[in-house]
Amino acid sequence: MLKASNISHNYNGDIALQNINLEIKKGEFICLIGESGSGKTTLLSILSTLLKPKEGTLFYEEEQYSNIKNINKFRKENIGFVFQFHHLINYLTLLENVQLANDLANTKKIDEIFTLLDIQKIKSKYPTQVSGGQRQRAAIARALINEPKIIFADEPTGNLDSKNAQKVFKLFKNLSKKETTIIVATHNKDLAKMADKIYEVKDGQIK
Ligand SMILES: Nc1ncnc2c1ncn2[C@@H]1O[C@H](COP(=O)(O)OP(=O)(O)OP(=O)(O)O)[C@@H](O)[C@H]1O
Ligand SMILES: [Mg+2]
């Protein structure tokens, strides 16, 4: 599904990733763990097409990334993002934020996802009127609404209590059983155990 070959990256000469080789199968649930500054976010950003690596090649279902013509269309059809900072639009309600990502999504589907994430009752509130964890779950709902083939999440449970963090990981687990590929960076080693595979990133390399 996703293959990274000899990926290296630096920020103005400071090495962030060195020679990463990875192969991720369809429906796999992968966790990236590692110390702060080890390179998790950089790797996620590269794998999710947001950051162009200084060296190396990416393949999505055999197709070389650099050959994909319409990258916006590719992202929209294939990839869901949950960022470390949620980036909801403060002038729209939680519901409207999700609808913005997919204006064709039916109410039933949105209701399902909101109920699953326990934010159904507050869907008409604005991001500034709810807690950090509730905002984070709305951002997760937004990433899921298009049913992407691959979901990338950077510290998706950072603001959540252990019960809601568990819920989010269980949701990822269930999605991976339905063939959605999930790649998550996390500091939570207990939750990471729910993944099919754990990769430790250390000094820009995978151990
Ligand atoms: N935009 C940037 N400009 C310059 N250096 C950066 C930038 N982003 C990251 N770095 C550096 O690259 C290295 C890897 O950072 P990265 O953000 O990938 O780590 P991380 O594993 O996600 O850390 P954390 O667990 O704290 O989120 C670090 O040394 C960091 O200082
Ligand atoms: Mg990070």
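Student: Which element gives the largest share of the shell around ligand 1?
Tutor: Helix H1 does, with three residues. Keep in mind that this is a predicted model.

Student: Where is H1 in the sequence, and what does H1 lie across?
Tutor: H1 covers residues 40-47. The helix lies across E1, E2 and E4, and runs at about 55° to E2.

Student: Back to the ligand. Which residues surround ligand 1?
Tutor: Going along the sequence, Tyr-11 and Ala-16 come up, then the run Glu-35, Ser-36, Gly-37, Ser-38, Gly-39, Lys-40, Thr-41 and Thr-42, and then Gln-84 and His-187.

Student: How do they divide into nonpolar, polar and charged?
Tutor: Two of the shell residues are nonpolar, eight are polar and two are charged.

Student: What does Lys-40 do with its side chain there?
Tutor: An N or O atom of the Lys-40 side chain is 2.7 Å from an oxygen atom of ligand 1.

Student: And Thr-41, how far is its polar side-chain atom from a ligand oxygen?
Tutor: That distance is 2.8 Å for Thr-41. Gly-37 also has a 2.8 Å distance to an oxygen atom of ligand 1, but there the protein partner is a polar backbone atom.

Student: How much of ligand 1 does the protein bury?
Tutor: The protein buries 58% of the 630 Å² that ligand 1 exposes when taken alone.

Student: Now the sheets. What is the strand order in the open sheet of four strands?
Tutor: The order is E2-E1-E4-E5, and the pairing is antiparallel. E2 (14-24) and E5 (63-64) are the edge strands, each pairing on one side only.

Student: How many bridges are there between E1 and E2?
Tutor: Seven, in the antiparallel sense. Lys-3, for instance, has Glu-23 in E2 as its bridge partner.

Student: What about the hairpin of E1 and E2, which residue there has a positive phi?
Tutor: Asn-12, with phi near 50°. Two residues sit between the strands of that hairpin.

Student: What happens between E1 and E4?
Tutor: E1 (residues 2-11) pairs with E4 (residues 55-60) over five bridges, in the antiparallel sense. Leu-2 has Tyr-60 of E4 as its bridge partner.

Student: What stands opposite Tyr-60 in E5?
Tutor: Glu-63 does. So Tyr-60 is named twice here: as the partner of Leu-2, and opposite Glu-63 in E5.

Student: How many bridges join E4 to E5, and what is in the turn?
Tutor: Two bridges join these antiparallel strands. They form a hairpin with two residues between them, and Glu-61 in the turn has a positive phi of about 45°.

Student: Switching topic: how are the strands ordered in the open sheet of six?
Tutor: The order there is E6-E7-E8-E3-E9-E10, with mixed pairing. The edge strands are E6 (79-82) and E10 (205-206), and each pairs on one side only.

Student: Do E6 and E7 pair parallel or antiparallel?
Tutor: E6 and E7 (residues 150-154) are parallel, with four bridges. Val-82 stands opposite Ala-153 in E7.

Student: Which helix lies across E6 and E7?
Tutor: Helix H5, residues 132-144, which runs at about 175° to E6.

Definitions and conventions. Residues numbered from 1 in each chain as written. Chains lettered and ligands numbered in written order. Predicted model: local features only at pLDDT ≥ 70, side-chain atom pairs only at ≥ 80, totals over all residues. Heavy atoms only, no water. Pairing = 2+ DSSP bridges. Contact = heavy atoms within 4.5 Å. Axes fitted to C-alpha atoms, helices over the stretch in contact; angles between N-to-C directions. Near = heavy atom within 4 Å. Polar contact = N/O pair within 3.5 Å; in protein donor to acceptor, adjacent residues only side chain to side chain. Areas by Shrake-Rupley, 256 points an atom, 1.4 Å probe, with all protein chains shown as cover. Nonpolar A, V, L, I, M, F, W, Y, C, P; charged D, E, K, R; others polar.
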